[in-house]
Amino acid sequence: MKYKLGTMAVAGLMAASPVMADLVFPSLSYRTGPYAAGGIPFADGYADYFAMLNARDGGIGGVMTKVIECETGYNTEKGVECYESTKGEGSLVYQPLSTGITYQLIPKTTADNIPMHTMGYGRTSAANGDVFSHTFNYPANYWNGASGAINYLLNENGGSLDGKKIALVYHNSAYGKEPIRTLQELSAKHGFEFKEVPVDHPGQEQKSQWLQIRRDKPDYVIMYGWGVMNQVAVQEAANIRFPMENFIGIWWSGSENDVLAAGDAANGYKALTFHGVGSDFPVFDDIKTHVVDAGNAAGAGDQIGTVLYNRGLYAAMLAAEAVKTAQAIHGVADITPAQMRDGMEALEITEEKMAALGLPNFGPSFNVSCANHGGDGLVGVTQWDASTKTWSLVSDFAPTDMDVIGPLIAEDSAAYAAENNIEGNC
Amino acid sequence: MFYREAGDFSSTYAEDQQTFPIKFDRYRYYLVLFIAIVVVPFVINDYWVNSLLLPFLIYAIAAIGLNILVGYCGQVSLGTGGFMAVGAYTCYKFMTGVDIWWGGELLFRLPEFNIFFSVIMGGVMTAVVGVLFGLPSLRIKGFYLAVATLAAQFFLVWMFNRISWFYNYSASGQINAPERDIMGVLLTGPSVQPWAAYLFCLFFTITCAVIARNMTRGASGRKWMAIRDMDIAAEIIGVNPLKAKLTAFAVSSFFIGISGALFFSVYLGAVEVGEVFGIQKSFLVLFMIIIGGLGSIFGSFAGAAFLVLLPVALKVVGVDWLGWPTDIVAHLQLVIVGGLIIIFLIAEPHGIAQLWRVAKEKLRLWPFPH
């Protein structure tokens, strides 16, 4: 009873009582602030896919979907406000698209029994579902990314990186620091020299870092950047005439925003990815007929087919598939967040499934299990062509070095488990 | 009609010198306290606590702290974010047990502190750091001091990002508050009851406000204000500028450290120093005291409430009621908050506290203004 008055006040204040007959997907987006260029296409893709499902199929399993957007501006305090204001609406899964907000929400979502999907970001060791019961980071995480880049370079160099020099240019935050441990281990294993080059937020000033790179002459540069830092880095790399084909960004440093500014100089720049690029997939026809032509496109509707739009769409697709899995497991159409978690844990993505969805070969096929919330960690490489202004895949989705990543995940998640007295879930 | 002192007689010095000498004012104050302590905890839920009340209470402490330094002692500071970070990281280290290393070996590890004392230690350590960065204030003034404190801001954030000892060598450089309780009542971590977190912060806010109020109207406050108004004259009448300025830095930093510790442990639970305690935080708290009113404890509360509640209120009106796109509302929010700050500075440079004072004067005469 003691919450009644407060609840009434909130209901009155927000004038939005939970509509139970919807599958609610909160979208903690950022269309403003320093990282808006990355946040807008992702949020558009996420919203458009669900709008398409509503218009084409009448929702998922006969239940309409509803996307509640909340602006975080990449700010953790606003992220908390967004989480608290949407969690009472029956939100099925959170995707904050921010490593900082992810760290806040890992314990909160676990306590509230709501799953969170941090696709290719967040806390890497959340791949260990034994410790992180409600956090998922399939299909690939930061450490898969680091290993994927090294594997690609190994391939390029005939299987040996002995004596090579590899520099990591990273955003000096929780996100950018993630791959350091993995790269240190890999450098010991493969005998390359590893150098860290931190760039402070927001990364508009990188002259000294690239001067250092010019002096040290690394053979390859790997970048973990986000937002304006990417554009500046690509431009600076071009300024010191660093060969673009030896410059590899993580998937958050591989969108059109990052390379267009540098013009022709960015030609040949590479980036990792865990999903397909371009709009040459049947699902985009459905989005055009059911969403864009109906005038329901999210945002300005000008992002369709860009890398980050595709990523938002891919995230929405994985969420929708998890809903279908949950509906099949529990035999109900209008699922709860707890059932959604079971669906995500039993998720299987196969080639046939993706082809049936109109996304053939859009991403790697993978399975999620109770112990493995990270999928199989397959990573591909894309390359930018400045003349046609397109990204194209230059390698298949290849496996990463789980011999190195597995123990690191076990170690980091064990530390979290000890800190928070978590016993195994599986 | 209101705020009349007619018939309100003081028969002792203590009665005459109390904080709220007018009876009506005093009872209003008791009523606010009563509602805050007894009524509010029973009617709040997660949303109210985490989105509105905790940030309000914690920012109020920070604003009181900064107000002592800027509003009462006249020393401009832009290092609030960095000092809050000192409080947060000290609290974290004491919560998890401080480990002392020497020559690559672990010398000893302090036992984990209770969350209450961890927060206090956050304040104490920040006071020490604050005094250190306050030393230049003995030589430089005004803008130059602002630049010196700005250096503190950037140095401290850089240090917490750089030295892994502060974040217990975690791979990501984040600090996470583990679950801690006082007598079985959880205060940090995800399973905290809203009323517990609220009352814990409320306790610190009320205590800090009472201490600050009494210090500022006592001898030390008079010394600070003398320094603020004219430091040479103050020195001539016997105020020791060294002591006055450094105590202002110490007390101010103590409060800011407490607020940083609470901000990390109770409110956010996980912190990344550059994002949470960056230069924007320093400006935000500075705006709070400018809008609320420099040199006023009530102003600190009013400013904190204004800048915490306004964005949420605008969001609720714009997105939830009117159904506008979130990005337009976010942009409008910047325009409106910015516009209000300018309007305030032009129309009422002494802030909300001055509006309140004027309203009180009017109410005293109302309804017969002559």
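Two residues are taken to be in contact if their C-beta atoms, placed from the backbone, lie within 7 Å. By this criterion, 37 residues of chain B are in contact with 41 residues of chain A. The structure is a predicted model, in which local features need pLDDT of at least 70 and side-chain atom pairs count only at pLDDT 80 or more, whereas totals for chains, interfaces and linings use all residues. Residues are numbered from 1 along each chain as its sequence is written, while chains are lettered from A and ligands numbered from 1 in the order in which they are written.

The model scores ipTM 0.87 and pTM 0.90. In terms of pLDDT, the predictor's confidence in each residue from 0 to 100, chain A has a mean of 90, with 95% of its residues at 70 or more. Chain B averages 91, and 99% of its residues score at least 70. Over residues 1-20 of chain A, pLDDT stays under 50, and the model has 25 contacts beyond four places in sequence for this stretch. Where pLDDT is low, the predicted coordinates should not be read in detail.

On the chain B side of the interface, the elements that give two or more residues are helices H2 (23-43), H3 (46-72), H11 (273-276), H13 (297-321) and H14 (326-347); helices (H or I, at least four residues) and strands (E, at least two) are DSSP runs, numbered from the N terminus. The largest share, six residues, comes from H3(B). By class, this side of chain B has 17 nonpolar, 14 polar and six charged residues, where Ala, Val, Leu, Ile, Met, Phe, Trp, Tyr, Cys and Pro count as nonpolar, Asp, Glu, Lys and Arg as charged, and the others, Gly among them, as polar.

Chain B is divided into domain 1 (1-43) and domain 2 (47-277), with bounds that come from an automatic or database domain assignment. The C-alpha centres of these two domains of chain B lie 30 Å apart. Their contact takes five residues from each of the two domains, and the domain 1 side has four nonpolar, one polar and no charged residues.

Chain A holds an open sheet of seven strands in the order E6-E5-E7-E8-E9-E12-E13, with mixed pairing; two strands pair if DSSP finds at least two bridges between them. Strand E6 (193-199) and E13 of chain A are the edge strands, each pairing on one side only. From one strand to the next, the twist averages 25 degrees. Within this sheet, three bridges join the parallel strands E7 (residues 220-224) and E8 (residues 247-249) of chain A, and Ile222(A) has Ile248(A) in E8(A) as its bridge partner. Helix H7 (residues 207-216) of chain A packs on the sheet, touching strand E5 (165-171), E6 and E7 of chain A, and its direction makes about 160 degrees with that of E6(A).

At the E13 edge, strands E12 (residues 380-385) and E13 (residues 390-393) of chain A run antiparallel and are joined by four bridges. Asp385(A) has Thr390(A) in E13(A) as its bridge partner. The hairpin of E12(A) and E13(A) has four residues between the strands, and Lys389(A) takes a positive phi near 55 degrees.

Helices H5 (residues 142-156) and H6 (residues 174-190) of chain A pack at an angle of about 35 degrees, with their axes 8 Å apart; axes are lines fitted to C-alpha atoms, for helices over the stretch in contact, and angles run from 0 to 180 degrees between N-to-C directions. The contact of H5(A) with H6(A) has eight nonpolar, four polar and one charged residues.
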